[in-house]
Structure formats: C-alpha cells, structure tokens
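Trainee: Please take one part of this model and go through it closely. I would like to see how the first helix sits against everything around it.

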Amino acid sequence: MAGLNVSIAFFSSIVALCEVMRWFSKRIFPPKVYLCLGRELASSFQMCACCLELKMLVMIGPWGGGFGPDVSLTLLFVIFLVHGASFDGASANPTLSLQEFLMLDSSFVLTVAKLLAQFLGMGAAWFITKQYWSWELTDFHMIQNLIVQDCSSSLSTSVSQGIFVEATCSFFFQLVVLRFKASYPMYRIPVTALAVTILAYTAGPITGAFFNPALASAVTFPCTGNSLLEYVQVYWLGPITGMLIALFAYQGNIPQLFQRNLIYSQKNKYRMPKGKLFPMSGAQWRQAKTEKTSCLGSTERTD
C-alpha cells in the first residue's frame, strides 16, 4: 500500500501543479492564447502524467502490490472526475479539437494551435514522469525504471482489429460528449468519467483503450512490438474515424464538409395545431365570418 500512496500523492501533485499553471497563464496571456495554448498545454500534461503513472500501476500492481483491476478502475474514474472538474473547458484530446473544427466551433488556426499544445503537453509529461520514475521512490518505480526502455506495446491484437476497437471506443466516447455537451457539469463530468472507465475495462486489454492520439503517442509509441505506421493506423486513424462516424450519426451532417442533413429531416419551426373538424351550416359560417371581421375593425356586426 505504500507504493499506492506514493502514486496517489503524485496524482495530487500533478493536479496542483497544473492548476497553478492554468491560474498563472490565465493572468499573463490574452484570452485566446490561454484558451488555445495555456489550458490545453496544462491539461494535456496533467492527463498524460496521470495516465502514465496509472499504466505503471496496472502493469506492476497485480503482482507487485497485490491489488487488482478494481483499484485501477476506481483510480481511473476518480482521475477523470478530477480532470473534468479542473480542465477549465480544455479537451486534451486531438479528436475533440477536430470535432469542434468540423462543427464550425473553432477556426483552422485555433485548432492547429490546440493540437500543437496538446502534443507538447504530452511530450513534456512523458519526460517529467520518466525523471520521476528514475528517483525510484517505491519498488514499483524501481521495476518500472528497469523496464521502461523495453516496454511492450499496448496493442495485443492485429492492426485491423486494433483500428476497429479504437474506432468503436472513440465512437461511443464522442457520442457521450456530444449528447452531454450542453448539460450541467454535475451531470456531464460523472457520465464522461463513467464512459471512459467502462471503455477502459472493456477494450483496455486489447488496445489500451486510449481513443486519444496524443495520449497514445506518449504512452505506447515508445514501446516495442509494432512499427510506427501500425501505431499511427491504430491510435490516430482509428479514433479519428470513430469521431467522424459519431459526428455524422449525431448531427446527420459534418458542417465543415457539407451542410445538407442526410439523416434527419428538417422539421418546420411553426407547427399547425391539430384538431377535429366539425361540419358547419351556411348560417353558422356567415355568422362566424361577421364576428371575425368585426374584431378586425373592418365591419360592425348588426343584428
């Protein structure tokens, strides 16, 4: 349990450090620079550092610490709860940034800036976390420091199946994000964290269930077992494909590419009230017409 406590302290320290980074950058940078660079860089750093430490616990914990997947999944859920509450609107996920661009919510320049900040944050987190492991504060870190250069790939299936799994995970994750995008944070954050936990439990043993190209680049790209092209196909093209399918299924179109809705019909904004029609005699019709024109002021009703 001592090793687990040290890891929890590491998680807390990373979150606190990134909160300071967000607070500081918000005050010294213009709003657009903070939104595109400051918060994305800090949030990506936070996500990657926490996921690297969590992956170490998943790999070494069962036989080195005596705790099973329940502990890792609980930590994952709590970590993403904290991420959702502290990210200040940042996505820390290139597929979500591309989704905003395709929905016309972000310009091309701002999207490129976000992507650059996300990959820089992930790279910085990989470097800092490796330095932290080199201190060997626990037995977990000592073992991780020995195997970090010869880590095995998270892809434990064929490339085609890996693409399908990552695309499927991205599809369901994107649908959850789109569905609860406008919801209150008290509902959106737990639902998103629960979705990530379920997907990690289901697909984690197959591909790692990253559905985040920048996170996968930092966590599994340095490992041996597959070529760079295979990693790109599974962990970049797979999530992007799932995002495109989810956006099309949810919207019926992709606004940046085409405006016409191919799935859902455009309903009239003004709906005519529906009611049962009753037959009216000629005298009743003339009387109703006389009352209507009298209300409009054009004629006066006479008895």
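**The first helix and its surroundings**

Mentor: Start with the packing. This is a predicted model. Its largest nonpolar core holds 55 residues, and F11, M47, L57, L215 and Y235 have the most contacts inside it. Eight helices each supply at least two residues of this core: α1 (2-28), α2 (31-64), α3 (69-86), α5 (108-134), α7 (159-179), α8 (185-207), α9 (213-219) and α10 (228-251). The top contributor is α2, with eleven residues. Apart from this core lies another one, of seven residues, including F101, L102, L178 and L247.

Now α1 itself. The helix has 27 residues. From first C-alpha to last, α1 reaches 39 Å, close to the 39 Å expected at 1.5 Å a residue. Its buried residues are G3, L4, S7, F10, F11, I14, V15, C18, R22 and S25. Read that list with helix geometry in mind. An α-helix has 3.6 residues a turn, so residues three or four places apart point the same way. Note also that F11 is on two lists: it is buried in α1, and it is among the residues with the most contacts inside the largest core.

Next, the surface. W23, F24, I28, F29, V33 and L37 make a nonpolar patch of about 560 Å². Two elements, α1 and α2, give two or more residues to the patch. The largest share comes from α1, with three residues. W23 is one of the patch residues, and W23 is found in α1. So the helix has two roles to track here: α1 supplies at least two residues to the largest core, and α1 supplies three to the nonpolar patch.

Then the charged contact. K26 forms a salt bridge with D88, with the closest N and O atoms 3.4 Å apart. K26 lies in α1 and D88 in the loop between α3 and α4 (94-102), so the pair ties together parts that are 62 residues apart in sequence. What are the exposures of the two partners? K26 is partly exposed, at 42% relative accessible area. D88 is partly exposed too, at 36%.

Set that bridge beside others. The whole structure has four salt bridges. One of them joins E100 and K114, at 2.8 Å from N to O. E100 lies in α4 and K114 in α5, so this pair ties together parts 14 residues apart in sequence. K114 is buried, with a relative accessible area of 9%. Another bridge joins D105 and K181, whose closest N and O atoms are 3.1 Å apart. That pair links distant parts of the chain, 76 residues apart: D105 is in the loop between α4 and α5, and K181 in the loop between α7 and α8. D105 is partly exposed at 48%, and K181 is partly exposed at 40%.

Finally, two residues outside α1 show local packing in detail. M47 is among the residues with the most contacts inside the largest core. Leaving out residues up to four places away in sequence, M47 touches F80, H83, F87, A92, M122, N212 and L215. L215, in turn, is also among the residues with the most contacts in that core. T197 is in α8. At 11% relative accessibility, T197 counts as buried, because the cut-off is under 20%. With the same sequence neighbours left out, T197 touches L73, L76 and F77.

Notes
Residues are numbered from 1 along each chain as its sequence is written. This is a predicted model: local features need pLDDT of at least 70, side-chain atom pairs count only at pLDDT 80 or more; totals for chains, interfaces and linings use all residues. Side-chain values use heavy atoms; hydrogens and water are left out. A nonpolar core is a set of buried Ala, Val, Leu, Ile, Met, Phe, Trp, Tyr and Cys residues joined through side-chain atoms within 4.5 Å. Buried means under 20% relative accessible area, exposed over 50%, partly exposed in between (1.4 Å probe, protein chains only). Helices (H or I, at least four residues) and strands (E, at least two) are DSSP runs, numbered from the N terminus. Contact means heavy atoms within 4.5 Å. Patches are made of residues with over 30% relative accessible area and no salt bridge: like charges are joined within 9 Å, nonpolar side chains (Val, Leu, Ile, Met, Phe, Trp, Tyr) within 5 Å. Accessible areas come from the Shrake-Rupley method with a 1.4 Å probe; for residues, only the protein chains shown count as cover. A salt bridge is a side-chain nitrogen of Lys or Arg within 4 Å of a carboxyl oxygen of Asp or Glu. The expected span of a helix is 1.5 Å times one less than its number of residues.
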